[in-house]
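Colleague: I would like to ask for a close look at a single part of this model, explained slowly enough for somebody in a first year of study.

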Protein chains: 2
Amino acid sequence: MSEASSQAVVRVLIVEDDPMMQLGLEQSLSSQPGIEVVGRADDGYFAVEETLKLKPDIVVMDIGLPRLDGIAATQKIKKSLPEVRIVMLTSHTTENEVIAALSAGADAYCVKGTTVERLLAAIEAAWEGASYLDPLVARLVMDHLKSPTNTADAIAVGQLSQRELEVLKLMVEGRSNPEIATALYLSPNTVKTHVRGIMNKLAVDDRVQAAVVALRAGLV
Amino acid sequence: MSEASSQAVVRVLIVEDDPMMQLGLEQSLSSQPGIEVVGRADDGYFAVEETLKLKPDIVVMDIGLPRLDGIAATQKIKKSLPEVRIVMLTSHTTENEVIAALSAGADAYCVKGTTVERLLAAIEAAWEGASYLDPLVARLVMDHLKSPTNTADAIAVGQLSQRELEVLKLMVEGRSNPEIATALYLSPNTVKTHVRGIMNKLAVDDRVQAAVVALRAGLV
DNA sequence: CGTGCCATTACCCAGTTGGATAAACCCAGT
DNA sequence: ACTGGGTTTATCCAACTGGGTAATGGCACG
């Protein structure tokens, strides 16, 4: 299982504001063959600075940090050095924070209190460019993937005619019927007819629901 | 790194329609200490049947299968036995298939042609309830997470008061002001005031745009 | 060559919406 | 004690919305 870490040295930067935690982390990691801790940072700004200076292979990043939080730091780092892998190690497990961290570019996500083995698995996965998600957050993320486009709604939207689609898009932008009429060089009456056609096909009672269906269908 | 597989035996079911591939997989896995291959299946229906009968810890699942594809099989298995971990092992790397597989309940995703070590890492991660994503698909999935919630909108929505949030949620459901009034035991006039408050804070001109902002902000 | 679907326009009407404005109350922080 | 924000209520009014109904022309499919 340790083919990667045993054949080359992985250079790790630790970003953690709690001194105790930082020390513990460093002990756990540097005692590991194949891992070298090349630096530490205790806030987001230092994290970015040190990363740019040291160019580590992996950054082990906390979220709750002074000055600049770990998510923002991750974004900054990924912007300048996309090849640096970032492993989040934090106690935050709310959906918003997890998703935000991964969207920001984190490659793996570990929850504090986990075993060292899991952190090592995460580091290894990240180092290969793969992704590792802690059991506590894995289902959260997978469930999140379900939402973007609702198939049923997408099918309904598919029933619309070309013209109706154009009208619907403008409706989603919040345009009123008269505005849509001007935009499409139509009479307001025509637009009203289309709007009613749309609402019928989508089986909704007003334009707000029509917009909601459109969005859920992936009509971004 | 192999604490899990070295201390207990992981019972694996292999689902793969190509006989050569199936054989190769079985050789690779069963030669591994801590892994026992308890069964094989070469189409989706057998996969579900065998899983129900053998109750393996892990199912290594292909996507392109006769009769019932691996994604559908995954859904069926997860419905009856959620505790069975499923590792996708396939050559399909299109966004749709990857997302569909993970939404269906797959715990890890490996791409065919990868090293045995990566597959083992995936199996180990899955066995712990964690998630492992192959380098070839990891970024795909992470990027997919970005769309749902728009931060700017989320911040704007965060400015709303508790009451305004309640009203906004009902607005998204397409309720009219009178309907919202009844639902919250308020006067229609009050609702109107809140609606205007919401539109002001979100800097929009009508309830459709308010609903759109709400959705983009992740107010599902 | 109809029949059906789409796109276009039109009119009427009841109901809803959004803007402007005002006032009451409660509660928290200064 | 005062200020500020949130919640509640209210009224007036112009504009927009959604339902019903109907007519025209184009275009494609059988």
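Which residue follows α10(B), and is its phi positive or negative?

Modeller: The residue that follows α10(B) is B:Tyr185, and its phi is positive, near 55 degrees. Before going back along that helix, please keep in mind that this is a predicted model, in which local features need pLDDT of at least 70 and side-chain atom pairs count only at pLDDT 80 or more, while totals for chains, interfaces and linings use all residues. Residues are numbered from 1 along each chain as its sequence is written, chains are lettered from A and ligands numbered from 1 in the order in which they are written, and side-chain values use heavy atoms, with hydrogens and water left out.

Helix α10 of chain B covers residues 177–184, where helices (H or I, at least four residues) and strands (E, at least two) are DSSP runs numbered from the N terminus. Its buried residues are B:Asn177, B:Ile180, B:Ala181 and B:Leu184; buried means under 20% relative accessible area, exposed over 50% and partly exposed in between, with a 1.4 Å probe and protein chains only. When one looks down the axis of α10(B), these buried residues fall within an arc of 105 degrees, so they line one face of the helix; the arc is that of the directions from the helix axis to the C-beta atoms. On the face turned away from that buried side, α10(B) carries the exposed residues B:Pro178 and B:Thr182. The cover over the buried residues of α10(B) includes three helices of chain B, namely α9 (162–172), α11 (188–202) and α12 (207–216).

Chain A offers a helix to set beside this one, since in its helix α9 (residues 162–172) the residues A:Glu164, A:Leu165, A:Val167, A:Leu168, A:Leu170, A:Met171 and A:Val172 are buried. α9(A) is followed by A:Gly174, whose phi is positive as well, near 85 degrees. Chain A comes to twelve helices and six strands, and buried residues make up 52% of its 220 residues.

One of these helices is α3 (residues 44–54) of chain A, in which A:Thr51 is found. A:Thr51 is buried, with a relative accessible area of 0%, and, not counting residues up to four places away in sequence, it touches A:Leu13, A:Pro56, A:Val59, A:Ile77, A:Leu81 and A:Val84, a contact being heavy atoms within 4.5 Å.

The two chains can also be compared, for chain A can be laid on chain B with an RMSD of 2.5 Å by a turn of 179 degrees and a shift of 2.0 Å along the axis; the copies are superposed by least squares on the C-alpha atoms of residues with pLDDT of at least 70 in both. Of the interface residues of chain A, 100% are also interface residues in chain B, so the copies meet through the same surface.

A last point concerns confidence, which pLDDT gives for each residue from 0 to 100. Chain A averages a pLDDT of 87, and 92% of the residues score at least 70. Among the elements of chain A, helix α1 (residues 3–7) has the lowest mean pLDDT, 47, and strand β3 (residues 58–61) the highest, 96. Over residues 1–6 of chain A the pLDDT stays under 50.

Notes:
pLDDT is the predictor's confidence in each residue, from 0 to 100.
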